[in-house]
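User: Please take a close look at the aromatic pair in this structure. I would like to know how the rings are placed and what surrounds them.

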Amino acid sequence: QVQLVESGGGLVQPGGSARLSCVDSRGTFRRNAMGWLRQPPGKDREHVASITWSGDNTYYADSVKGRFTISRDNAKNTIYLQMNSLKSEDTAVYSCAAPYYRDPTTIGAWGQGTQVTVPS
């Protein structure tokens, strides 16, 4: 059974917005930090954003600061990634992960990944 289920993404025009959602179907990580990573075509996976279980602290990659916002709704076991002012370089497969804040070696579960494509 897939534990982290993502939705959102798709084809977005430059300058547009999209919102990704990730549901923790078992509620296992409601007390853990969770986050989003992405893998651009032909490149390594990279950190995008993460959030503590309380939502009080967030950590963003420099490349998305001021454009992306991570949030969570623990009552729904869901984290979100609001992406604004999208650029072609944001094209990637986006995956949610938990538990995760800064150290990817802590990750125990991954979402299936969702494609976000921003044409140049």
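Analyst: Helices (H or I, at least four residues) and strands (E, at least two) are DSSP runs, numbered from the N terminus. By that count the protein has zero helices and 11 strands. Its radius of gyration, taken over C-alpha atoms, is 13 Å, close to the 14 Å that the globule rule (2.2 Å times the number of residues to the power 0.38) gives for 120 residues, so the protein is as compact as a globular protein of that length. Along the principal axes, the C-alpha atoms fill a box of roughly 40 × 30 × 25 Å.

This is a predicted model, in which local features need pLDDT of at least 70 and side-chain atom pairs count only at pLDDT 80 or more, while totals for chains, interfaces and linings use all residues. Residues are numbered from 1 along each chain as its sequence is written, and side-chain values use heavy atoms, with hydrogens and water left out.

Now to the pair itself. A pair of aromatic rings is described by the distance of the centres and the angle of the planes. Rings of Phe, Tyr and Trp (its six-membered ring) pair if their centres lie within 6.5 Å; planes under 30 degrees apart count as stacked, over 60 as edge-to-face and the rest as tilted. The structure holds one aromatic pair. Its members are Tyr59 and Tyr101, with ring centres 6.0 Å apart and planes at 40 degrees, so the pair is tilted. The two rings come from distant parts of the chain, 42 residues apart: Tyr59 lies in strand β6 (residues 58–60), and Tyr101 in the loop between β9 (92–98) and β10 (109–110).

How far are these rings covered? Buried means under 20% relative accessible area, exposed over 50%, and partly exposed in between (1.4 Å probe, protein chains only). Tyr59 is partly exposed because its relative accessible area is 27%. Tyr101 is also partly exposed, with a value of 21%. For the protein as a whole, 46% of the 120 residues count as buried.

One residue in contact with Tyr101 is Thr52, where contact means heavy atoms within 4.5 Å. Thr52 is found in the loop between β5 (46–51) and β6, and β6 is the strand that holds Tyr59. With a relative accessible area of 17%, Thr52 is buried. Not counting residues up to four places away in sequence, Thr52 touches Asn32, Ala33, Asn57, Arg72 and Tyr101.

Strand β9, which comes before the loop of Tyr101, contains Ser95. At 7% relative accessibility, Ser95 counts as buried. Ser95 and Tyr59 are 36 residues apart in sequence, and their C-alpha atoms are 16 Å apart in space. Leaving aside neighbours within four places in sequence, Ser95 is in contact with residues including Glu6, Trp36 and Trp110.

After strand β6, the strand of Tyr59, the loop between β6 and β7 (68–73) holds Arg67. Arg67 is buried, at a relative accessible area of 11%. Its contacts, again without residues up to four places away, include Gln82, Leu86 and Asp90. Arg67 and Leu86 are 19 residues apart along the chain, with their C-alpha atoms separated by 7.8 Å.

Contacts between distant positions also appear in the total for the protein: among contacts with a separation of 6 or more, 55% are between residues 24 or more positions apart.
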